[in-house]
Amino acid sequence: MIDLVDSGAAPLRLPLGRDTYDDIRASLTARLVEHDAHRVRAYSVAGEEIDATQEQR
């Protein structure tokens, strides 16, 4: 932890341990899936069309 702080790249929150890391990653991934489900509607409000061949961000 000292090395991490000394590196200058310390995150605001650091998940320590495999279970913690995996739980947070699963939670964030689920939120992205929910967020992406509304992509077409979000773009349509600004009058933008989504190209079907455009890669998912």
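Nonpolar surface patches are made of residues with over 30% relative accessible area and no salt bridge, their nonpolar side chains being joined within 5 Å.

**Figure 1. A nonpolar patch on the surface of the predicted model.** Met-1, Leu-14 and Leu-16 make up this patch, which covers about 350 Å². One of these residues, Leu-16, is placed in the loop between helix H1 (2–7) and helix H2 (18–36).

**Figure 2. The helices of the protein.** The protein has three helices and zero strands. Along the sequence, the pattern reads α-α-α. Confidence differs among the helices: the mean pLDDT is lowest in H1, at 84, and highest in H2, at 96. For the protein as a whole, the average pLDDT is 84, and 82% of the residues score at least 70.

**Figure 3. A charge over an aromatic ring: Arg-39 and Tyr-43.** Arg-39 lies over the face of Tyr-43, and the distance from the ring centre is 5.1 Å. As for contacts between rings, zero aromatic pairs are found in a search of the whole structure.

**Figure 4. Burial and accessible surface of the protein.** The protein has 57 residues, of which 4% count as buried. A residue is called buried when its relative accessible area is under 20%. The accessible surface of the protein amounts to about 5,600 Å². Carbon and sulfur atoms account for 55% of this surface.

Technical notes
Residues numbered from 1 in each chain as written. Predicted model: local features only at pLDDT ≥ 70, side-chain atom pairs only at ≥ 80, totals over all residues. Heavy atoms only, no water. Phe/Tyr/Trp six-rings, centres within 6.5 Å; stacked < 30°, edge-to-face > 60°. Lys NZ or Arg CZ within 6 Å of the ring centre and 35° of its normal. Patch = residues over 30% accessible without salt bridge, like charges linked within 9 Å, V, L, I, M, F, W, Y side chains within 5 Å. Areas by Shrake-Rupley, 256 points an atom, 1.4 Å probe, with all protein chains shown as cover. Salt bridge = Lys/Arg side-chain N within 4 Å of Asp/Glu carboxyl O. Helix = DSSP H or I, 4+ residues; strand = E, 2+ residues; numbered from the N terminus. pLDDT = per-residue confidence, 0-100. Buried < 20%, exposed > 50% of the residue type's maximum accessible area, 1.4 Å probe, protein only.
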